[in-house]
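Ready for a bit of practice? Take a look at the structure, then try each exercise before you peek at the solution.

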Amino acid sequence: MESKYTKRYTAEFKRDAIALVDSTGKTVTAVARELGISSESLRGWYIQAKADRGEGAPGELTTAEREDLKRLRRQNAEQAKTIEVLRKAAVFFAKESDR
């Protein structure tokens, strides 16, 4: 039975694991097996690290760009809610002024 707990790794651990892949020339899967972590996790960290160094695929976002995008989406959602409240208020006050 699988645990619903997702293991969290420190930034230092991730950085060291990525450095192992780069320095040893071993595959991501081999390094992940040695460290006892999921190869999919290490592969994701490795791909993101390459993007952060400017070595990623064209159009791939860096960590900073991902954080900006997340912040902007959250801000956009808040503004959409505000606009909807203001729209409803305008309709309400328009009806009140007709009386």
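**Exercise 1. Decide whether Lys26 is buried, partly exposed or exposed, and find its salt-bridge partner.**

Solution. Keep in mind that you're looking at a predicted model.
- Step 1: Lys26 has a relative accessibility of 38%. Buried needs under 20% and exposed needs over 50%, so Lys26 counts as partly exposed.
- Step 2: Now look for a partner. Lys26 forms a salt bridge with Glu34, and their closest N and O atoms are 2.5 Å apart.

**Exercise 2. Work out how Asp22 and Arg53 are linked, and which parts of the chain they tie together.**

Solution.
- Step 1: Asp22 and Arg53 form a salt bridge, with 3.4 Å between the closest N and O atoms.
- Step 2: Place the two partners. Asp22 sits in helix H1, while Arg53 is in the loop between H3 and helix H4 (63-98), so the pair ties together parts that are 31 residues apart in sequence.
- Step 3: Check the accessibility. Asp22 comes out at 40% and Arg53 at 42%. Asp22 is therefore partly exposed, and Arg53 is partly exposed too.

**Exercise 3. Find how far apart Arg71 and Asp68 are along helix H4.**

Solution.
- Step 1: Count along the helix: the two residues are three apart in H4, which puts about one helical turn between them.
- Step 2: Recall the general rule. An α-helix has 3.6 residues a turn, so residues three or four places apart point the same way.
- Step 3: Look at the side chains. Arg71 forms a salt bridge with Asp68, and the closest N and O atoms are 3.6 Å apart.
- Step 4: Accessibility again: Arg71 is partly exposed at 41%, and Asp68 is partly exposed at 40%.
- Step 5: Elsewhere, salt bridges with shared partners join Asp22, Arg53 and Glu55 into one network. The total count is five salt bridges.

**Exercise 4. Sort out which side of H2 is buried and which residues sit on the face turned away.**

Solution.
- Step 1: Pick out the buried residues of H2: Val28, Val31 and Ala32.
- Step 2: Look down the helix axis. The buried residues fall within an arc of 100°, so they line one face of H2.
- Step 3: Flip to the face turned away from the buried side, and you'll find the exposed residues Arg33 and Glu34.
- Step 4: See what the buried residues pack against: H1 and H3.
- Step 5: Just past the end of H2, Gly36 has a positive phi of about 75°.

**Exercise 5. Find which helices build the largest nonpolar core.**

Solution.
- Step 1: The largest nonpolar core has eleven residues, among them Ile18, Val31, Leu42 and Trp45.
- Step 2: Match the core to the helices. H1 (11-24), H2 (28-35) and H3 (39-52) each supply at least two of its residues.
- Step 3: H3 gives the largest share, with four residues.
- Step 4: H3 also holds Gln48. Gln48 counts as buried, because its relative accessibility is 17%, and it touches Leu61, Thr62, Thr63 and Arg66, leaving aside residues up to four places away in sequence.

**Exercise 6. Describe the overall build of the protein.**

Solution.
- Step 1: Count the elements: four helices and zero strands, in the order α-α-α-α.
- Step 2: Compare radii. The radius of gyration is 23 Å, well over the 13 Å from the globule rule for 99 residues, so the protein is more spread out than a compact globule.
- Step 3: Check the burial: 14% of the 99 residues count as buried.

Terms used
Residues are numbered from 1 along each chain as its sequence is written. This is a predicted model: local features need pLDDT of at least 70, side-chain atom pairs count only at pLDDT 80 or more; totals for chains, interfaces and linings use all residues. Side-chain values use heavy atoms; hydrogens and water are left out. A nonpolar core is a set of buried Ala, Val, Leu, Ile, Met, Phe, Trp, Tyr and Cys residues joined through side-chain atoms within 4.5 Å. Buried means under 20% relative accessible area, exposed over 50%, partly exposed in between (1.4 Å probe, protein chains only). A salt bridge is a side-chain nitrogen of Lys or Arg within 4 Å of a carboxyl oxygen of Asp or Glu. Contact means heavy atoms within 4.5 Å. The arc is that of the directions from the helix axis to the C-beta atoms. The radius of gyration is taken over C-alpha atoms; the globule rule is 2.2 Å times the number of residues to the power 0.38.
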